[in-house]
Amino acid sequence: MPQYSFGSGDLYGVPLVDADGAAIANPTPIKFGTLQDVGVDFTRSIKELFGQKQFAVAIGAGTCKISGKSKFAKINGLLLNNIFFGQTLSASAVPNVMNDSAQTIPGTPYQITVAPPNSGVFTRDLGVVYSATGIPLTAVASSPTTGQYSVSAAGLYTFAAADTTLGVLISYEYTESAGRKIVIANKQLGYVPTFRAELSAPYKGKKLVLALHSCVATKLAFATKQEDFMMPDLDFVAQADDADNVATLSVSDL
């Protein structure tokens, strides 16, 4: 019975080297969760020798390249860090954003102290607009007049007396205690994180497995879309490992 493949398969990444060129002693394999698609291209350049006739009389192989593209929906901090950034993923307070918190400007002293959810801590202002018109207010250092506001480091917003009783939408950044964070440092040129990629594509009891022994991620893209899920893209290229092997391709049928 012939062998076929159906669906996106499963893709795994095993980190090998971090962004400082240090080998990872105990790597944690990571699955690309809710995988949508994977594409792996094998390409080679060729040189053709022509004489006085139309077709080549000899063809020589030049350089070869293996490049891959993956799209997945599950956002995993360990995968993003170990496969692309190769830096430090820490469990610490992480930033979040409150978008358009509806408030009404009170009377004296015309101030609103925002209360981030989940016992969060205010960190920075992201703007204020009038809820009725969508017109933005202008931030000033102090003593705001109509159409202006000032904000303190503690999240205390002060408005003009003339704007009392008007509705506003306040956006701001705050931190929450639970989460993972990657602080992306500006590393020296040269070193790049490497990982082993393994693609498994089973169908009807038969399997195709492609292992790329040493890969480098070349692109990580986040794109949002109205009425759809975010599906990050991660592109990569393969290189030879220390044993001068590049890939292993296994199939069930001859």
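Which elements each supply at least two residues of the lining of the largest pocket? In this predicted model, the answer is H1 and S15. The pocket itself comes out at a volume of about 250 Å³. Its lining runs to 17 residues, and Phe-85, Lys-187, Tyr-191, Val-192 and Pro-193 are the ones that lie nearest the centre.

H1 and S15 turn up again in the packing. In soluble globular proteins, nonpolar side chains tend to be buried together. Here the largest nonpolar core takes in 21 residues, and the ones with the most contacts inside it are Phe-32, Phe-72, Leu-79, Phe-195, Leu-212, Cys-215 and Leu-234. At least two residues apiece come from strand S4 (58-72), helix H1 (77-85), S14, S15 and strand S16 (233-239). The biggest giver is S15, with five residues. A second core, separate from this one, holds 14 residues, including Leu-137, Tyr-149, Phe-159 and Val-168.

Phe-72 is worth a look of its own. Leaving aside residues up to four places away in sequence, Phe-72 touches a run of neighbours that includes Phe-32, Gly-33, Thr-34, Leu-35 and Gln-36. Leu-79 and Leu-80 are also among its contacts, as are Met-230, Met-231, Pro-232 and Leu-234.

Now for the strands. Strands of a sheet pair through backbone hydrogen bonds, either parallel or antiparallel. One open sheet has three strands in the order S6-S12-S8, and the pairing is antiparallel. S6 and S8 sit at the edges with a single partner strand each, so one side of each has no neighbour in the sheet. From one strand to the next, the twist averages 20°. Between S8 and strand S12 (residues 167-176) there are seven bridges, and one of the pairings puts Val-129 with Leu-169 in S12.

S11 (residues 156-159) is where another set of pairings meets. Strand S7 (residues 111-113) runs antiparallel to S11 and is joined to it by three bridges, with Thr-113 opposite Leu-156. Strand S10 (residues 148-151) is also antiparallel to S11, again through three bridges, and here Tyr-149 stands opposite Phe-159. Both Tyr-149 and Phe-159 belong to the second core. S10 and S11 make up a hairpin with four residues between them, and Gly-155 in the turn has a positive phi of about 85°.

A few backbone oddities are left, all of them in loops. Most residues other than glycine have a negative phi, and most peptide bonds are trans. The bond between Thr-108 and Pro-109 is cis, with omega about 10°, and Pro-109 falls in the loop between strand S6 (94-104) and S7. Ser-119, in the loop between S7 and strand S8 (121-130), has a positive phi near 55° despite not being glycine. Lys-204 likewise has a positive phi near 55°, and its place is the loop between strand S14 (194-203) and strand S15 (206-221).

Are these two positive-phi residues, Ser-119 and Lys-204, buried or exposed? Since exposed means over 50% relative accessible area, Ser-119 qualifies because its value is 74%. Lys-204 counts as exposed too, because its relative accessibility is 60%.

How values were computed. Residues numbered from 1 in each chain as written. Predicted model: local features only at pLDDT ≥ 70, side-chain atom pairs only at ≥ 80, totals over all residues. Heavy atoms only, no water. Pairing = 2+ DSSP bridges. Buried < 20%, exposed > 50% of the residue type's maximum accessible area, 1.4 Å probe, protein only. Core = buried A, V, L, I, M, F, W, Y, C linked by side-chain atoms within 4.5 Å. Contact = heavy atoms within 4.5 Å. Axes fitted to C-alpha atoms, helices over the stretch in contact; angles between N-to-C directions. 1 Å grid on protein atoms, 1.4 Å probe; cavity = no way out; pocket = protein on both sides within 12 Å on 5 of 7 lines; lining within 4 Å. Points joined across faces, edges and corners; volume = space filled by probe spheres on them.
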